[in-house]
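I opened my notebook to record what I looked up in this structure, beginning with one residue in a loop and going on to a core and a helix pair.

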Amino acid sequence: MTAWQDIPPPPRKITPLGWLRALWRGLLIGLLTYGGLALLLLVRLVEWPLCGQARPVTPHITRFVCRSALHILRLPLVVQGRPMTRPGAIVANHSGWLDIFVLNAVQTIYFVAKAEVAAWPMIGWLARATGTVFIARKGTEAKQQQDIFESRLQAGHRLLFFPEGTSTDAIRVLPFKSTLFEAFFAPGLVRIMHIQPVTVIFHAPDGEDPRHYGWWGDMNFASHLLKTLATARQGRVEVIFHPEVPVDAFENRKALSQHCERVIRTTHVHAAS
């Protein structure tokens, strides 16, 4: 039986006009992104000695860059609900690299990513500069990772992670892994932490494959980026903020994970249909 991950999207021919569009948009987004990175690093030189782990200024640069990138792509963003203001973390479904721009555009967050991302060319630099928390998949490092989580959360950072553990084809939500939820049950956090589920729904452009914005399996990043940049009439993306829940309302990490998965999956199915 063929798994959904093994079914590639149909090839899409890019017209000469599409190549020009991709080149123009790519140039603008590249200048915006790495110009923003340079500015962020300069500001951080002052921000770090004065504020330490707190980042009162640099996240606004990140949000501006991400909102502007979506504008350059001409990808409409619709937001429902509001980001929570209480201490806590955010969990969301994961369709692909565009999630980073979308979720950064609507709130101040710090992503949790696998350790390998730190070594990726260019992307790793951006992730480190914007305060991403890198985690290893080794069970022997679980205690160290929990300490890092606690330190960042107690500093007031809102961490965002993808419990599916991988990106998808944008039309489904995979079962959540509960491992990372354990950090929120630490004695110093369990009574004060809240978790906010967030659903991200990508609607493909009219006439395109519903999986247009999904990035999964062995799909090549460069070709997917090129396709997205070349798309003349984009679809749209919705971000739905659900009510946050207190961690101590749940018996354990699995119960909390199941609640978040149920809320996100139900909304995704209804909104995407």
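**Notebook: a loop, a core and a helix pair**

I first located Pro87, which lies in the loop between strand 1 (77-80) and strand 2, where helices (H or I, at least four residues) and strands (E, at least two) are DSSP runs, numbered from the N terminus. I noted that this is a predicted model, in which local features need pLDDT of at least 70 and side-chain atom pairs count only at pLDDT 80 or more, while totals for chains, interfaces and linings use all residues. Residues are numbered from 1 along each chain as its sequence is written, and side-chain values use heavy atoms, with hydrogens and water left out.

Is Pro87 buried or exposed? I found Pro87 partly exposed, with a relative accessible area of 45% (buried is under 20%, exposed over 50%, partly exposed in between, with a 1.4 Å probe and protein chains only). Leaving aside neighbours within four places in sequence, Pro87 is in contact (heavy atoms within 4.5 Å) with Arg158, Ile192, Met193 and His194.

I then turned to the largest nonpolar core (buried Ala, Val, Leu, Ile, Met, Phe, Trp, Tyr and Cys residues joined through side-chain atoms within 4.5 Å), where, of 39 residues, Leu75, Leu103, Val198 and Phe202 touch the most other members. Helix 2 (58-73) is among the elements that give two or more residues to this core, and helix 2 gives the most, with 7 residues.

Lastly, I looked at helix 1 and helix 6, where residues including Trp19 and Ile29 in helix 1 meet Leu226, Thr228, Leu229 and Ala230 in helix 6.
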